[in-house]
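Below are some notes for a colleague who has not yet looked at this structure. Please read them with the model open.

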Amino acid sequence: MEDKDLHFVGKVAQKAIIEHDGKILVCKGVGDSVWEFPGGRLHKGESPQEGLAREIFEELQLSVTIERPVYTCLPWHAKSQMHNMFVAYVCSVDDISGLQQNEEVVEKKWVTPVELQDLPMFDDCKGAVVEYLYNKIK
């Protein structure tokens, strides 16, 4: 069987682009030197929306409304030695008063779209930034 005939096997990583009052939430995970959007991996039996909402609540104590996917890619994950399915969603939040991070998030901040473009980020998150900002100005 040729590689082109094999089905994708990997993990699904989902991230949330959360904009509130003109700023976007970014985080750093344990051991990371670059910024990324909050989120995590989909668990078996969860819908994508359930999984992303769960991850955001676990990491930041935020309840989000998941609006739409904005970017997908299949980056190579060095630790697992396989491709992951990466999906970034546009999300909204009404109340940020309960925002607090758990042990998976070592730093968080709100940045403007201009600041977002200049942050050091993982390539998959950078791709999501480009799509998000492009679709926002369309």
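**Notes on the model**

1. A search of the whole structure, which is a predicted model, finds one aromatic pair. The partners are Tyr-71 and Phe-86: their ring centres lie 6.2 Å apart and their planes stand at 65°, so the pair is edge-to-face. Planes over 60 degrees apart fall in that class. The pair links distant parts of the chain, since Tyr-71 belongs to strand β4 and Phe-86 to strand β7, with their positions 15 residues apart in the numbering.

2. Is Phe-86 buried or exposed? Its relative accessibility is 1%, so Phe-86 counts as buried; the limit for that term is under 20%.

3. His-20 is a residue of strand β1. With a relative accessible area of 18%, His-20 is buried as well, under the 20% limit. Leaving aside residues up to four places away in sequence, His-20 touches Val-93, Asp-94, Ile-96 and Trp-110.

4. Helix α3 runs over residues 123–137 and has 15 residues. From its first C-alpha to its last, α3 reaches 22 Å, close to the 21 Å expected at 1.5 Å a residue. The buried residues in α3 are Asp-124, Cys-125, Gly-127, Ala-128, Val-129, Tyr-132 and Leu-133. An α-helix has 3.6 residues a turn, so residues three or four places apart point the same way. What covers the buried residues of α3 includes strands β1 (12–20), β2 (23–29), β4 (65–73) and β7 (85–92), together with helix α2 (113–118).

5. Ile-137 also has its place in helix α3. Unlike the residues listed as buried above, Ile-137 counts as exposed, because its relative accessibility is 71% and the term applies over 50%. The C-alpha atom of Ile-137 is separated by 29 Å from that of Arg-41, and the two residues are 96 apart along the chain.

6. Arg-41 comes up again at the largest pocket, which has a volume of about 840 Å³. Which residues lie nearest the centre of this pocket? They are Lys-15, Glu-36, Arg-41, His-77 and Phe-122, out of a lining of 28 residues. The elements that give two or more residues to the lining are β1, β2, β3 (39–41), α1 (48–60), β5 (76–77) and α3.

7. As to the character of that lining, its residues divide into 12 nonpolar, five polar and 11 charged. Helix α3 and strands β1 and β2 thus appear twice in these notes: α3 has buried residues whose cover includes β1 and β2, and each of these elements gives two or more residues to the lining of the largest pocket.

Conventions. Residues are numbered from 1 along each chain as its sequence is written. This is a predicted model: local features need pLDDT of at least 70, side-chain atom pairs count only at pLDDT 80 or more; totals for chains, interfaces and linings use all residues. Side-chain values use heavy atoms; hydrogens and water are left out. Helices (H or I, at least four residues) and strands (E, at least two) are DSSP runs, numbered from the N terminus. The expected span of a helix is 1.5 Å times one less than its number of residues. Buried means under 20% relative accessible area, exposed over 50%, partly exposed in between (1.4 Å probe, protein chains only). Contact means heavy atoms within 4.5 Å. Rings of Phe, Tyr and Trp (its six-membered ring) pair if their centres lie within 6.5 Å; planes under 30 degrees apart count as stacked, over 60 as edge-to-face and the rest as tilted. On a 1 Å grid over the protein atoms alone, a cavity is a set of points where a 1.4 Å probe fits but cannot get out, and a pocket is an open set with protein on both sides within 12 Å along at least five of seven lines; lining residues have an atom within 4 Å of a point. Grid points are joined across faces, edges and corners, and a volume is the space filled by probe spheres set on the points. Ala, Val, Leu, Ile, Met, Phe, Trp, Tyr, Cys and Pro count as nonpolar, Asp, Glu, Lys and Arg as charged, and the others, Gly among them, as polar.
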